[in-house]
Amino acid sequence: ESSWRYNKLIFEGDTFRQLADKMERWYNVRISIRDKKLLQYRFKGIFEKETIQEALLALQLTNNFQFNINSNEIEIYGN
């Protein structure tokens, strides 16, 4: 992906699972999505220098979900 060359995480209409897969590689974390309805969410944007927490907080502005970070393990769940 060209986004890796430019040191940016780019996502354009990715499902939550697709974005989670990219974020796992980008941030070296493991993401578990606990609520199947969240898998239908789609996201569009670019992350460049954000931490994983900042990225997830930004994603929360457009979709309704909660998350818990425990070291390099992240759980995402509905409200």
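Me: Happy to look at this predicted model with you. How many aromatic pairs does the structure hold?
Reply: Glad to start there. In this predicted model, ring pairs are identified by how far apart their centres lie, with 6.5 Å as the limit. By that test, the number of aromatic pairs in the structure is four.

Me: Let's take the rings of Phe11 and Phe47: is that pair stacked, edge-to-face or tilted?
Reply: The two ring centres are 5.2 Å apart, and the planes make an angle of 45°. Stacked needs under 30 degrees and edge-to-face needs over 60, with the rest in between. The angle of 45° therefore makes the pair of Phe11 and Phe47 tilted.

Me: How many residues apart in sequence are the parts that Phe11 and Phe47 tie together?
Reply: Both rings are buried, Phe11 as well as Phe47. Phe11 belongs to strand β1 and Phe47 to strand β3. The pair therefore ties together parts whose separation in sequence is 36 residues.

Me: And the rings of Phe16 and Tyr41: is that pair stacked or tilted?
Reply: Here the centres lie 6.4 Å apart and the planes meet at 15°. Phe16 sits in helix α2 and Tyr41 in the loop between β2 and β3, 25 residues apart, so this pair links distant parts of the chain. With planes at 15°, the pair of Phe16 and Tyr41 is stacked.

Me: Which residues form one aromatic cluster with Phe16?
Reply: Phe16 has a relative accessibility of 1%, so it counts as buried. It belongs to a single aromatic cluster. Its partners there are Tyr41, Phe43 and Phe65.

Me: What span does helix α2 reach from its first C-alpha to its last?
Reply: Helix α2 covers residues 16-27, which is 12 residues. At 1.5 Å a residue, 16 Å is expected, and the model comes close to that. After the helix comes Asn28, with a positive phi near 55°. The span reached by α2 is 16 Å.

Me: Which element supplies the largest share of the largest nonpolar core?
Reply: That core has 23 residues, and those with the most contacts inside it are Met23, Tyr27, Leu56, Leu59, Phe65 and Ile76. At least two residues each come from β1, α2, β2, β3, α3 and β5. The largest share is six residues, and it comes from α2.

Me: Which residues of α3 (52-60) does Met23 touch?
Reply: Met23 is among the buried residues of α2. Leaving out residues up to four places away in sequence, Met23 touches Leu9, Asn28, Val29 and Ile31, among others. α3 spans 52-60, and the contacts of Met23 that fall there are Ile52, Ala55, Leu56 and Leu59.

Me: Is Leu9 buried or exposed?
Reply: Leu9 lies in strand β1. Neighbours within four places aside, its contacts include Lys22, Met23, Trp26 and Tyr27, along with Gly45, Ile46 and Phe47. Gly45 is 36 residues away in sequence, yet the C-alpha distance to Leu9 is 8.3 Å. At 0% relative accessibility, Leu9 counts as buried.

Me: In what order do the three strands of the open sheet stand?
Reply: β2 and β5 are parallel, with four bridges, while β4 and β5 run antiparallel, with five bridges. The pairing is thus mixed, and β2 and β4 each have a single partner strand, so both stand at the edges. The order is β2-β5-β4.

Me: Which side chains of β5 point to one face and are buried?
Reply: The side chains alternate along β5. Glu73, Glu75 and Tyr77 point to the other face and are not buried. Opposite β5 residues, Ile33 stands across from Ile76, and Ile69 has Ile74 as its bridge partner. The buried side chains on one face are Ile74 and Ile76.

Me: Which residue in β5 does Asn70 stand opposite?
Reply: Asn70 is in strand β4, residues 66-70, and counts as exposed because its relative accessibility is 53%. The hairpin of β4 and β5 has two residues between the strands, and Ser71 takes a positive phi near 60° there. Across from Asn70 in β5 stands Glu73.

Notes. Residues are numbered from 1 along each chain as its sequence is written. This is a predicted model: local features need pLDDT of at least 70, side-chain atom pairs count only at pLDDT 80 or more; totals for chains, interfaces and linings use all residues. Side-chain values use heavy atoms; hydrogens and water are left out. The expected span of a helix is 1.5 Å times one less than its number of residues. Buried means under 20% relative accessible area, exposed over 50%, partly exposed in between (1.4 Å probe, protein chains only). A nonpolar core is a set of buried Ala, Val, Leu, Ile, Met, Phe, Trp, Tyr and Cys residues joined through side-chain atoms within 4.5 Å. Contact means heavy atoms within 4.5 Å. Rings of Phe, Tyr and Trp (its six-membered ring) pair if their centres lie within 6.5 Å; planes under 30 degrees apart count as stacked, over 60 as edge-to-face and the rest as tilted. Two strands pair if DSSP finds at least two bridges between them.
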